Amino acid sequence: MCSVFIFLGSSLHAQTIYKKPGMVDFIKNIPSDISEYTKQTLCYENAQNIGAMTLGTGLLIYYDDKLLDVSNNIREQGGWSKQVDWYMEHIGDGYLQLYVGSSLIGYGFYNNDDRALQSASQIFESVFASGILVQLFKHVTGRESPFVATTPTGRWRPFPNQVDYHNHVPNYDAFPSGHVATITAMVVVLSENYPEHAFIKPLGFLAIALNGLGMMNTGVHWISDYPLGIALGYGLAKIAVKKGRVSKKNNNINNSFSIFPSINHRGNVGFSINYTL
Amino acid sequence: MSFDLLTSWLQKTIVVLILFSSPARSVSLEVKLKSSQQFKKVWLHRAEQDFLVVVTPSGVDSLDWDSVQGVRIKKTNDFHPTKKTFLYFGYFTFFYFLLETMYVEAPFSVPQFLGVFTVFGGSGAVGGYAYAKLLEQNKDEYLSVEIDKQNKNGKFQKTLDFLISNKKYQTK
């Protein structure tokens, strides 16, 4: 007896599964992450985005001192203490990312959950990668932090003496914000890997905003330090997420047609015809 | 430094957001083949009348329903939103407690920094492990279905309709 199985599929979304990360994958991936980020960013197609971000940052630099006053007014009107600003500032200092990443490791090991392990690895990877680029920018741009500013919007000393930099770090390390890059990276990794948890994005964006506000109020950053920080964290997190997935894109299963002989458990011999749309 | 975060609107906002977050937790699908004695977890791509299409590390594969003895859908019950909020609240409060306690010694020397790093890493890992263990104590629910394709109105057909209609359980 012959039987013919015709199998029609119609999926349009990419298939994703998570591979278990190696212990040091997050370190090994950093050079290629930075390389890929540079290639993706510094290309002709991205010129419009770079232009928009540069223009936006320039405008924010122009209004930096006024926006710093606005931020301080928000705090005064909101009535929260400087201690709360301190809490907000530390949302992005890396310890929270370490804490959350480690929690994902604990959870992932207990449940043998590759998605949790991969998320932890990606958080560490994107945080370290963005940290390297942020430090590079800081050491090149040499912008004063608000609390040590000698001009209304902070003096810039491009390519500062590196010894001076390390002796007087706040005089040089404002631009861009590593804190914002760090929290952005974590939010992007978690929201990409846990899309079913709708609260991650609003909570994450709120965390980024609070982090930014807190740092302005404590005088460690200007608002114009944030766009580049966000771009670095976002871009590097996206790259880390992409690398951590085994993606079975439809292009290897779609529009495919195959015929092969088959035999089922009853001993019936036939053909299977697969055509996937 | 005073520990006044407990009364801050920041934490209240976080708690409210988490309270209204989805308590859902993905179910998993396990399959027992006729040639096997054990249920094996599969990542469902989609369900068809004749095939169950699953995602494997090497690509998309299909299982003929005739070769399947039974399936079971495992649902681990999530925490009640109130309990979940309490746990998240404790989790972040503990983080800030550690941060404040250790920042008394800031700026850190290298050994101190390593200590801080270890404390955050260790407490985070223990927290995640404990959360998973607590979650496991919630009773898992299984819907087991013996495959009987001939019975069109039976459990198999209902399960198949459920899998076909419910995209939530399909691999993203």
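The expected span of a helix is 1.5 Å times one less than its number of residues. Keep that rule in hand for helix α9 of chain A, residues 178-193, where helices (H or I, at least four residues) are DSSP runs numbered from the N terminus. This α9 has 16 residues and covers 23 Å from first C-alpha to last, close to the expected 22 Å.

Before going on, some housekeeping. This is a predicted model, in which local features need pLDDT of at least 70, side-chain atom pairs count only at pLDDT 80 or more, and totals for chains, interfaces and linings use all residues. Residues are numbered from 1 along each chain as its sequence is written, while chains are lettered from A and ligands numbered from 1 in the order in which they are written.

Back to α9 of chain A: 15 of its 16 residues are buried. Buried here means 20 or more other C-beta atoms within 10 Å of the residue's own, exposed means 12 or fewer, and partly exposed is in between, with C-beta atoms placed from the backbone. Take A:V189 as an example. Leaving out residues up to four places away in sequence, its contacts (C-beta atoms within 7 Å) include A:S119, A:Q122, A:I123 and A:A240.

A:V189 also belongs to the largest nonpolar core, meaning a set of buried Ala, Val, Leu, Ile, Met, Phe, Trp, Tyr and Cys residues joined through C-beta atoms within 7 Å. That core has 64 residues, and A:I123, A:A185, A:M186, A:V189 and A:L236 touch the most other members. Its top contributor is helix α7 of chain A (residues 114-141), with 11 residues. A separate core of 14 residues includes B:A47, B:L52, B:V55 and B:F156.

Now for the loops of chain A. The one between α8 (162-167) and α9 holds A:P176, and the peptide bond leading into this proline from A:F175 is cis, with omega near -10 degrees. Between α6 (95-111) and α7 sits A:N112, a non-glycine with a positive phi of about 50 degrees. A:N112 is exposed, with 10 other C-beta atoms within 10 Å. A:F159, in the loop between α7 and α8, likewise has a positive phi of about 50 degrees without being a glycine. A:F159 counts as exposed too, with 9 C-beta neighbours inside 10 Å.

How far should you trust chain B? Its average pLDDT (the predictor's confidence in each residue, from 0 to 100) is 75, and 69% of the residues score at least 70. Among the elements of chain B, helix α1 (residues 9-19) has the lowest mean, 58, and helix α3 (residues 110-137) the highest, 90. The model scores ipTM 0.77 and pTM 0.73.

Conventions:
Helices (H or I, at least four residues) and strands (E, at least two) are DSSP runs, numbered from the N terminus. Two residues are in contact if their C-beta atoms, placed from the backbone, lie within 7 Å.
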